[in-house]
Amino acid sequence: MPKRVLVVEDNELNLKLFCDLLRAHGYEAEPVRDGREAVSAARRFRPDLVIMDVQLPHVTGFELIGQMQADPVLGRIPIMAVTAYSSHEDEERIRAAGARSYVAKPISLARFVDQVEKLMATIEDVDADAAKTPDPREDPAR
Ligand code: MN
């Protein structure tokens, strides 16, 4: 099963770029143009990862990240924020909102894909069978 990525981005060119890039790397990408639909789309699509533009009309990415974090199911999904903000304070604010990762615009495609793959690597693979190697974080001796 390909991993699923919900992409929330109001800019049509960026939305297409992100979705094309994700699909080229074997992910299933679901575009969301209107931030007001992001939470319901996440409930419906059940993504493994959410890519969230911070600057959206009607609702900010900060608010959406907060709403998802407050939800018992959606709160477990990692969020990668994408933003034109670039100061250290902005990055702190994005992380404080609950985003696990952050990529600044203009987007470096290599960094974008690298961050997606890093976040995917942190996700428990529910399709994996019992033969998988034990997660060292589950070591009771620690
Ligand atoms: Mn935007």
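How many bridges join strand 1 to strand 3? There are 4 bridges between strand 1 and strand 3, and the two strands run parallel; strands are said to pair if DSSP finds at least two bridges between them. This is a predicted model, in which local features need pLDDT of at least 70 and side-chain atom pairs count only at pLDDT 80 or more, while totals for chains, interfaces and linings use all residues. Residues are numbered from 1 along each chain as its sequence is written.

**The sheet and its order**

The protein chain has 5 helices and 5 strands, where helices (H or I, at least four residues) and strands (E, at least two) are DSSP runs numbered from the N terminus. Read from the N terminus on, the elements follow the pattern β-α-β-α-β-α-β-α-β-α. The 5 strands form an open sheet in the order 2-1-3-4-5, with parallel pairing. Strand 2 and strand 5 are the edge strands, each of which pairs on one side only. Neighbouring strands of this sheet are turned by 20° against each other on average, direction ignored. Helix 2 packs on the sheet and touches strand 1, strand 2 and strand 3, and its direction makes about 170° with that of strand 1; such axes are lines fitted to C-alpha atoms, for helices over the stretch in contact, and the angles run from 0 to 180 degrees between N-to-C directions.

Some residues that face each other across paired strands are listed here.

| Residue | Opposite residue | Strand of the opposite residue |
|---|---|---|
| Valine 7 | Isoleucine 51 | strand 3 |
| Aspartate 53 | Valine 82 | strand 4 |
| Valine 82 | Valine 103 | strand 5 |

**Strand 4 and the crossover**

Strand 3 and strand 4 pair in the parallel sense over 4 bridges. Between them the chain crosses from strand 3 through helix 3 to strand 4, and this β-α-β crossover is right-handed, a word used if, with the strands pointing away from the viewer, the path from the first strand over the helix to the second runs clockwise. On strand 4, 5 of its 5 residues are buried, a residue being buried if 20 or more other C-beta atoms lie within 10 Å of its own, exposed if 12 or fewer, and partly exposed in between, with C-beta atoms placed from the backbone. Ile79, Ala81 and Thr83 point one way from strand 4, whereas Met80 and Val82 point the other way.

**Helix 3 and the core**

In helix 3 (residues 61-69), the residues Gly61, Phe62, Leu64, Ile65 and Met68 are buried. Seen down the axis of helix 3, these buried residues fall within an arc of 165°, so they line one face of the helix; the arc is that of the directions from the helix axis to the C-beta atoms. Among the elements that cover them are strand 1 (4-8), helix 2 (38-45) and helix 4 (88-97).

The largest nonpolar core (a set of buried Ala, Val, Leu, Ile, Met, Phe, Trp, Tyr and Cys residues joined through C-beta atoms within 7 Å) has 32 residues, and Val50, Ile51, Met52 and Met80 have the most contacts inside it. In soluble globular proteins, nonpolar side chains tend to be buried together. Leaving aside residues up to four places away in sequence, valine 50 touches Leu6, Val8, Ala42, Met68, Ile77 and Ile79, where two residues are in contact if their C-beta atoms, placed from the backbone, lie within 7 Å.

**A loop residue**

Histidine 25 is found in the loop between helix 1 (12-24) and strand 2 (28-32). Histidine 25 is partly exposed, with 16 other C-beta atoms within 10 Å.
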